[in-house]
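Biologist: Got a minute to go through this model with me? I'd like to start with how the chains meet.

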Protein chains: 2
Amino acid sequence: MRFIIQRDRLVQSVQDVMKAVTSRTTIPILTGIKIVATTDGVTLTGSDSDISIESFIPKEDAGDEIAEIKQPGAIVLQAKFFSEIVKKLPTDTVEIHVENQLQTVIRSGKSEFKLNGLDADEYPHLPQIKEENIFKIPTDLLKAMIRQTVFSVSTSETRPILTGVNWKVGNGELTCVATDSHRLALRKARIETEADESYNVVIPGKSLGELSKILDDNNDLIDIVITENQVLFKAKNLLFFSRLLEGNYPDTSKLIPNESKTNIVVNTKDFLHAIDRASLLAREGRNNVVKFTTIQDGIIEISSNTPEIGNVVEELQSQSIEGEELKISFSAKFMMDALKTLEGSEITISFTGAMRPFVIRPINDDSILQLILPVRTY
Amino acid sequence: MRFIIQRDRLVQSVQDVMKAVTSRTTIPILTGIKIVATTDGVTLTGSDSDISIESFIPKEDAGDEIAEIKQPGAIVLQAKFFSEIVKKLPTDTVEIHVENQLQTVIRSGKSEFKLNGLDADEYPHLPQIKEENIFKIPTDLLKAMIRQTVFSVSTSETRPILTGVNWKVGNGELTCVATDSHRLALRKARIETEADESYNVVIPGKSLGELSKILDDNNDLIDIVITENQVLFKAKNLLFFSRLLEGNYPDTSKLIPNESKTNIVVNTKDFLHAIDRASLLAREGRNNVVKFTTIQDGIIEISSNTPEIGNVVEELQSQSIEGEELKISFSAKFMMDALKTLEGSEITISFTGAMRPFVIRPINDDSILQLILPVRTY
């Protein structure tokens with residue numbers, strides 16, 4: 001194998017596939033990056049066996065020569081060293097050359113590295129996925145849907161299925177739901193699809209987080225292929241594979257109340273900042289709990305108290321309070337997490353009494369919903 | 001005590017004095033910030049008993065009202081909570097009011113915090129320093145002198161005196177020296193002084209690091225007062241006290257060779273980058289060691305080798321090599337630390353054989369010197 005390649009393109013691709021590489025693997029070859037040069041270009045692969053990422057660098061892009069392939073071939077190089085080396089090379093182009101056996105020379109200007117490579121034939125094969133039923137979604141929408149749900153997955157392995165996000169596809173719509181059983185995030189959107197397939201799968205939260213980091217912010221369509229135990233995201237020159245979680249995701253539709261007793265409209269940012277301040281003196285207490293009380297004239301009082309340290313009382317003018325008076329306590333952290341995902345300047349919070357889950361939605365937008373279980377303190 | 005103050009000024013002062021506050025103190029009241037309001041303004045104090053910082057907020061600055069003092073007084077508030085609270089307050093002004101006993105109300109807009117304060121009379125007094133012998137130095141020069149020496153202090157407590165920087169004042173000149181016994185940094189500069197006092201003291205490296213973080217980048221003169229066991233830095237509205245280290249600093253003048261056998265002039269940045277790359281494959285070996293060899297035509301070869309991983313060879317064109325040929329090994333980290341402190345595009349490295357310390361200086365500038373002990377590998 002021998003090729004000359006633009007350093008910046010190589011660095012970018014290495015950074016992308018590094019997102020899948022971990023040093024904590026029981027399979028030694030997975031600490032490496034697989035590099036394959038063909039007459040079309042160079043393909044890099046990184047994998048931790050849960051997530052696999054393949055990045056392709058074409059030999060030509062929009063008429064520019066990106067890579068000159070002198071001899072096709074393949075090698076696996078230690079990811080930790082290879083990624084640091086390419087970042088620091090002195091010139092704009094790099095030559096990579098597998099010499100005798102597996103010894104690989106990386107040459108740039110007057111700098112010459114020799115790395116001991118591993119046999120690319122021993123690198124695990126990526127899942128073979130039949131691309132029959134594809135649906136498409138713009139990259140920026142996909143990233144928003146991940147951001148608005150993935151924070152609610154469980155971090156505990158006691159119910160592993162809850163560490164993933166439930167993706168349901170049907171009737172030309174994708175619905176993403178995540179819950180750790182104390183809160184729930186739901187986001188739905190129309191998708192482009194040819195076949196009218198329906199799916200109900202659970203994607204690990206970690207995979208979606210890494211995917212989101214790699215994708216650029218643009219509205220290019222991403223192809224998504226779901227199989228029995230894998231999901232594949234296809235962007236330009238990028239393949240992202242993740243295994244799916246096994247097991248049945250709980251039916252969350254029953255959790256969401258369809259009636260309410262108190263409805264409040266508030267400015268999102270003012271409310272977020274008031275909760276943030278109140279949380280400063282809630283931190284020492286159990287689970288960061290703040291109290292929320294409706295008082296007269298559309299005013300809400302938010303308060304917390306840590307006896308040794310002190311207390312805080314915030315008054316917030318709402319746009320409107322309809323229905324019953326309310327005293328309720330909830331986790332400030334959960335509330336802030338939820339509020340940060342909501343776009344738009346005003347939100348509705350719908351309560352069904354101090355003991356029941358409540359729902360936060362942007363006004364005039366039913367594509368997103370955040371649900372929080374209160375804490376019983378009254 | 002009761003006053004109204006501009007939030008931004010309060011936040012800035014709290015951040016400054018927080019640099020001295022640590023939660024790991026055996027004196028509980030030092031986890032607090034002392035706040036004293038007088039008819040002139042508000043003074044904040046933080047201390048960990050090694051470092052003490054006092055920040056003054058005048059009630060008026062350039063005709064602007066900064067603080068309105070309604071009732072003089074003093075209180076100590078928990079630094080951790082107070083600093084987070086003031087940062088997040090909703091409006092541009094804050095009212096701070098000690099109510100009954102020590103309970104303190106912090107009010108801003110519709111937000112009201114009550115913190116349990118501590119009695120300011122129980123806060124330790126800052127050292128009383130007679131300001132007899134003051135010398136002056138511009139802030140940006142002081143920051144440069146700290147940056148160029150403090151990285152060389154020892155991090156080991158086996159010889160506590162080496163964790164400080166040796167400051168010597170005499171003949172209108174300040175000389176700062178730091179060494180961990182494997183390398184040495186020296187920087188000197190003219191100072192403004194009225195008396196012709198001379199001093200020889202050792203200032204803890206940590207104190208100088210914190211001082212440097214607080215000082216703005218400007219060329220206002222800082223007043224420096226040295227006493228038997230304290231040093232005081234006085235900037236506008238800021239006092240920074242540090243204890244001095246006890247004991248005799250070793251005589252470092254003998255360490256610096258006054259002859260040389262090989263003199264090399266190289267471009268600082270090119271050399272730094274070459275060392276940085278070579279260090280990538282030196283990391284796994286003992287102490288991050290790279291080899292440096294002069295070859296013909298003014299070319300230097302820098303190399304390193306980690307048998308399991310691979311090796312790297314860099315060639316660097318020097319401006320000139322004078323004297324004996326040389327093969328030497330040294331710590332890449334020490335070399336990079338030293339090079340980063342040197343301003344100017346070219347440096348001279350003066351070697352006295354492979355076993356002797358060598359000296360790095362900018363060309364045409366004898367105010368700064370970095371010395372490194374080689375590692376014996378040949």
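Biologist: Which strand of chain B is joined to β11(A), and how many bridges are there?

Modeller: That's β24 of chain B, residues 310–317, with 5 bridges, and the two strands run antiparallel. Keep in mind this is a predicted model.

Biologist: What's the bridge partner of F113(A) in β24(B)?

Modeller: F113(A) is matched with V312(B).

Biologist: And what holds paired strands together in general?

Modeller: Strands of a sheet pair through backbone hydrogen bonds, in a parallel or an antiparallel way.

Biologist: OK, zooming out. How many residues of chain A and chain B are in contact?

Modeller: 29 residues of chain A touch 29 residues of chain B. The two chains bury about 2,700 Å² between them, and 52% of that is on carbon and sulfur atoms.

Biologist: How many salt bridges and polar contacts go across the interface of chain A and chain B?

Modeller: There are 2 salt bridges across it. One of them pairs D276(B) with K88(A), at 2.9 Å from N to O. For polar contacts, the rule finds 18 residue pairs, with both residues at pLDDT 80 or more.

Biologist: Which elements of chain A give two or more residues to the side that touches chain B?

Modeller: Those are α2 (79–88), β11 (111–116), α5 (268–280) and β24 (310–317) of chain A. By class, that side of chain A has 12 nonpolar, 4 polar and 13 charged residues.

Biologist: Switching to the fold of chain B. What's the strand order in its 9-stranded open sheet?

Modeller: The order is β8-β2-β3-β4-β20-β19-β18-β12-β16, with antiparallel pairing. At the edges sit β8 (73–78) and β16 (192–193) of chain B, each pairing on one side only.

Biologist: How many bridges link β2 and β8 of chain B?

Modeller: 6 bridges, antiparallel, with β2(B) covering residues 32–38. In β8(B), L77(B) is the bridge partner of I33(B).

Biologist: Which strands do helices α1 and α3 of chain B pack on?

Modeller: Helix α1(B), residues 7–18, lies across β2, β3 (41–47), β4 (51–58) and β20 (238–243) of chain B, at about 170 degrees to β4(B). Helix α3(B), residues 139–149, touches β12 (134–138), β18 (221–226) and β19 (230–235) of chain B, and its direction makes about 85 degrees with that of β12(B).

Biologist: Back to charges. How many salt bridges are there over all chains?

Modeller: The whole structure has 34. One is R2(B) with E95(B), 2.7 Å from N to O.

Biologist: What does the pair R2(B) and E95(B) tie together?

Modeller: R2(B) is in strand β1(B), residues 2–6, and E95(B) is in strand β9(B), residues 93–98, so the pair links parts 93 residues apart in sequence.

Key:
Residues are numbered from 1 along each chain as its sequence is written. Chains are lettered from A and ligands numbered from 1 in the order in which they are written. This is a predicted model: local features need pLDDT of at least 70, side-chain atom pairs count only at pLDDT 80 or more; totals for chains, interfaces and linings use all residues. Side-chain values use heavy atoms; hydrogens and water are left out. Contact means heavy atoms within 4.5 Å. Buried area is the accessible area (1.4 Å probe) that two parts lose on being put together, summed over both. A salt bridge is a side-chain nitrogen of Lys or Arg within 4 Å of a carboxyl oxygen of Asp or Glu. A polar contact is a pair of N or O atoms within 3.5 Å; within protein, one must be able to donate a hydrogen and the other to accept it, and residues adjacent in sequence count only if both atoms are side-chain atoms. Helices (H or I, at least four residues) and strands (E, at least two) are DSSP runs, numbered from the N terminus. Ala, Val, Leu, Ile, Met, Phe, Trp, Tyr, Cys and Pro count as nonpolar, Asp, Glu, Lys and Arg as charged, and the others, Gly among them, as polar. Two strands pair if DSSP finds at least two bridges between them. Axes are lines fitted to C-alpha atoms, for helices over the stretch in contact, and angles run from 0 to 180 degrees between N-to-C directions.
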